[in-house]
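Student: Got a minute to go through this one with me? I'd like to start with the overall fold and then poke at the details.

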Amino acid sequence: MTGKDAAAGGGGGKGRLFTVGLVTAWYSSNIGVLLLNKYLLSNYGFKYPIFLTMCHMSACSLFSYAAIAWLRIVPMQLPRSRLQLAKIAALSLVFCASVVSGNISLRYLPVSFNQAVGATTPFFTAVFAYLMTVKRESFLTYLALVPVVTGVIIASGGEPSFNLFGFIMCVGATAARALKTVLQGILMSSDGEKINSMNLLMYMAPIAVLLLVPATIFMEDNVVVITIQLARKDINIIWYLLFNSSLAYFVNLTNFLVTKHTSALTLQVLGNAKGAVAVVISILIFRNPVSITGMLGYTLTVIGVLLYSEAKKRTKQ
């Protein structure tokens, strides 16, 4: 082996180690923020999902600006027009609705069922893409969505902790997440308006805070006073909120980095596996009851998502 080969081998090893580290950080931040949200909103008794989301968005505003303006993780992209800013504001509104609805659902549903419903995102994406762009997928792609939806129906019937309001909020969060994806593709499609996800977050997060402040005041009265009073009894709530909010930013950062350093196929596989890992860890931590019917339903949904991904890949080829 020559010196160059050894150097290349060492570089490849370091590259693989870096990628493994990124994926580990991505999994840890994603699953960590999900479980901590569940703990705060359900087990700890901090029943203020809108305020919690506002904390998340505030952290995303500060950290994303610092990462781009000071650390220069990516070049700063300035909005080119008022119209582009209006489009970003529209995306921010949908983004807010998705995160708030998802956090509300965690008050009423176990993480395992929350993830089962969340796995139906491809179904809603296909529906919105068809309604808004008249984009038709292949017959096989639509056929793959049948087990996705059927699995959630089965899981709902077999969920011991089923709550209708929580289920509606979770479906709303999933639909809003899919809508944001489709809208982003439509609104930011021209070359002059394309903006990377880190810059988009830097502009969306402050707008989200502005939207969430009045919502928090009107819907979660005196939450700041209540939080201060709670902190006097248990200072840990402040550390929980700070750590949770920081994790919310790192979810976006690690997602961007993993997307940048891995292939689209790897990202799909990792994304599908992440939901299953979150389900297993949440059951071990929270000890929520699960039924065989519920787990069969979730498994069917995951299989449907994998089939959908494969059908989409074949269509592109």
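Student: So how many helices and strands does the chain have?
Tutor: The chain has twelve helices and zero strands. Helices here are DSSP runs of H or I with at least four residues, strands are E runs of at least two, and both are numbered from the N terminus. Keep in mind that this is a predicted model, where local features need pLDDT of at least 70, side-chain atom pairs count only at pLDDT 80 or more, and totals for chains, interfaces and linings use all residues. Residues are numbered from 1 along each chain as its sequence is written, and side-chain values use heavy atoms, with hydrogens and water left out.

Student: How compact is the chain as a globular protein of that length?
Tutor: The radius of gyration of the chain is 21 Å, close to the 20 Å from the globule rule for 317 residues, so the chain is as compact as a globular protein of that length. That radius is taken over C-alpha atoms, and the rule is 2.2 Å times the number of residues to the power 0.38. Along its principal axes, the C-alpha trace spans about 65 × 50 × 45 Å.

Student: And what share of the residues is buried?
Tutor: Buried residues make up 48% of the 317. Buried means under 20% relative accessible area, exposed means over 50%, and partly exposed is in between, with a 1.4 Å probe and protein chains only.

Student: What about contacts between residues at least 6 apart in sequence, how many join residues at least 24 apart?
Tutor: That would be 86% of them. A contact is heavy atoms within 4.5 Å.

Student: Give me an example. Where is L35, and is it buried or exposed?
Tutor: L35 is found in helix α1, residues 3–43. It counts as buried, at 11% relative accessibility. Leaving aside neighbours within four places in sequence, L35 is in contact with V111, I281, S282, I285 and F286.

Student: Which residues does I283 touch?
Tutor: I283 is found in helix α11. Apart from neighbours within four places in sequence, I283 is in contact with S112, N288, V290 and M295.

Student: Switching to holes. How many cavities of 30 Å³ or more does the structure hold?
Tutor: One. About 80 Å³ of space lies in the largest cavity. On a 1 Å grid over the protein atoms alone, a cavity is a set of points where a 1.4 Å probe fits but cannot get out, while a pocket is an open set with protein on both sides within 12 Å along at least five of seven lines. Grid points are joined across faces, edges and corners, and a volume is the space filled by probe spheres set on the points.

Student: Which residues line the largest cavity?
Tutor: The lining residues, those with an atom within 4 Å of a point, are S112, F113, A116, A155, E159, V290, S291, G294, M295 and Y298. Two or more of them come from each of α4 (111–118) and α12 (292–316). By class there are six nonpolar, three polar and one charged. Ala, Val, Leu, Ile, Met, Phe, Trp, Tyr, Cys and Pro count as nonpolar, Asp, Glu, Lys and Arg as charged, and the others, Gly among them, as polar.

Student: And what's the volume of the second largest pocket?
Tutor: About 190 Å³. Among the residues lining that pocket are F51, C55, F63, T227, L241 and S246. The elements that give two or more residues to its lining are α2 (49–70) and α10 (236–261). The lining has eight nonpolar, three polar and no charged residues.

Student: Cysteines next. How many disulfides are there?
Tutor: Zero, from a search of the whole structure, with a disulfide being a pair of cysteine sulfur atoms within 2.5 Å.

Student: Why is C60 without a bond?
Tutor: Because the closest cysteine sulfur, in C96, is 11 Å from the sulfur of C60, too far for a bond. C60 is buried at 2% relative accessible area, and C96 is buried at 5%.

Student: Last one: what's odd about phi at R72?
Tutor: Most residues other than glycine have a negative phi. R72 has a positive value, near 55°. R72 is in the loop between α2 and α3 (82–108), and is exposed, with a relative accessible area of 65%.

Student: And where is R287?
Tutor: In the loop between α11 (264–286) and α12. R287 also has a positive phi, of about 55°, although not a glycine, and is exposed at 67% relative accessible area.
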